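Student: I would like a close look at a single part of this structure, starting from one residue and moving outward to whatever surrounds it. Please take it slowly and explain each step of the reasoning.

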Amino acid sequence: MNPSPPCPHAAGSAQLADPFVRDTIRWLERAVIGLNLCPFAKGVHVKGQVHYAVALTDDPGVVLDLLRDELTTLVSTAAEVRDTTLLILPRCLPDFLDFNDFLADAEALMEALELDGTLQIASFHPQFQFAGTDVDDATNCTNRSPYPTLHLLREESIDRAVEAFPQAEMIFERNMEVLQALGLQGWQALDVGAHEGKSAPSMAGEGAAQ
């Protein structure tokens, strides 16, 4: 699946964003779909209904502005065209605790837009760690992505997915078992971390390439 062309205010930055999108698609295909960590991901992926936006900035304030744009665009776009959005932050909030703090601002923004109950924000981070676990505990990998990522989802799509998967409450438990069996070395062998995107510069005033 090819990422969408760049938005006008980020013209010229799409080439910089491409490596981050490729890394994220590799993670989605090899880990999220490959390990069946989310039974609902394959359908929207193969239909081309996942939108990838890359924030080429190290400024959380700029990220919030971009998040506002992505939330409002998602809710105004037909689900058949764009069911879900991944906002990738390769140069912002590399520390997991800072990222966690930022999520409160993201939720507050969604409430200010009166989109709570319509959309949800899920989150992934390369340093994700469940409370009470060691940093090298393989179960943490269920929520680890190549870069800090905000996943924007439609409540209606979640409801339909749950109806189609009557044992949805068992997904978390199954994922823990899968990652424990795989182990940290097995996860690393999937090669779903950051790759060539490491060398791309930040663009604090640019915003996003989509």
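Tutor: Let us start with Cys 141, which has a relative accessible area of 0% and therefore counts as buried, since the cut-off for that word is under 20%. Please keep in mind throughout that this is a predicted model. Another cysteine, Cys 92, is buried as well, with a relative accessibility of 2%. A disulfide is a covalent bond between the sulfur atoms of two cysteines, and it is natural to look for one here, but the count of disulfides comes to zero.

From Cys 92 we can step to Asp 59, for although these two residues are 33 places apart along the chain, their C-alpha atoms are separated by 6.5 Å. Asp 59 sits in the loop between β1 (50-55) and α3, and with a relative accessible area of 33% it is partly exposed. A polar atom of the Asp 59 side chain lies 2.8 Å from the backbone nitrogen of Gly 61.

Back on the other side of our starting point in sequence, Asn 143 belongs to the loop between β3 and β4. Apart from its neighbours within four places, Asn 143 is in contact with Ser 123, Phe 124, His 125, Phe 128 and Phe 130. The C-alpha atoms of Asn 143 and Phe 128 are 6.2 Å apart in space, while 15 residues separate the two in sequence.

Several of these partners carry aromatic rings, and the structure has five aromatic pairs. In one of them, the ring centres of Trp 27 and Phe 124 are 5.3 Å apart and the planes meet at 70°, so this pair is edge-to-face, a word used for angles over 60 degrees. This pair joins distant parts of the chain, because Trp 27 belongs to helix α1 (residues 14-33) and Phe 124 to strand β3 (residues 119-124), 97 residues apart. Trp 27 and Phe 124 are each buried. Another edge-to-face pair is made by Phe 130 and Phe 172, with 5.9 Å from centre to centre and 85° between the planes. Here, too, distant parts are linked: Phe 130 is in the loop between β3 and β4, and Phe 172, 42 residues away, is in helix α6 (residues 171-189). Ring pairs also gather Phe 96, Phe 128, Phe 130 and Phe 172 into a cluster, so that two of the residues touched by Asn 143, namely Phe 128 and Phe 130, belong to it.

Next come the charged side chains, where a search of the whole structure finds two salt bridges. One joins Arg 26 and Asp 23, whose closest N and O atoms are 2.8 Å apart. These two residues are three places apart in helix α1, which means that about one helical turn separates them. Asp 23 is buried, as its relative accessible area is 0%. The other bridge is formed by Glu 70 and Arg 82, at 3.8 Å from N to O. Since Glu 70 lies in helix α3 (residues 60-75) and Arg 82 in the loop between α3 and β2 (84-88), this bridge ties together parts that are twelve residues apart in sequence. Both partners are buried, Glu 70 with a relative accessible area of 2% and Arg 82 with 15%.

Arg 82 leads us to Arg 154, because Arg 82 is among the residues that Arg 154 touches, together with others that include Leu 74, Thr 77, Asp 83 and Leu 119. Arg 154 lies in strand β4 (residues 149-154). It is buried yet has no salt bridge, because its nearest side chain of opposite charge, Asp 83, is 4.3 Å away, and a salt bridge requires the atoms to be within 4 Å. A polar atom of the Arg 154 side chain does, however, lie 2.9 Å from the backbone oxygen of Leu 74.

Finally, we can place these details in the whole chain, which has six helices and five strands arranged along the sequence as α-α-β-α-β-α-β-β-α-α-β. Of its 210 residues, 48% count as buried. Among contacts between residues at least 6 apart in sequence, 79% join residues at least 24 apart, and the pair of Trp 27 and Phe 124 that we met above has partners 97 residues apart.

Technical notes
Residues are numbered from 1 along each chain as its sequence is written. This is a predicted model: local features need pLDDT of at least 70, side-chain atom pairs count only at pLDDT 80 or more; totals for chains, interfaces and linings use all residues. Side-chain values use heavy atoms; hydrogens and water are left out. Helices (H or I, at least four residues) and strands (E, at least two) are DSSP runs, numbered from the N terminus. Buried means under 20% relative accessible area, exposed over 50%, partly exposed in between (1.4 Å probe, protein chains only). Lys and Arg count as positive and Asp and Glu as negative; His and the chain ends are not counted. A polar contact is a pair of N or O atoms within 3.5 Å; within protein, one must be able to donate a hydrogen and the other to accept it, and residues adjacent in sequence count only if both atoms are side-chain atoms. Contact means heavy atoms within 4.5 Å. Rings of Phe, Tyr and Trp (its six-membered ring) pair if their centres lie within 6.5 Å; planes under 30 degrees apart count as stacked, over 60 as edge-to-face and the rest as tilted. A disulfide is a pair of cysteine sulfur atoms within 2.5 Å.
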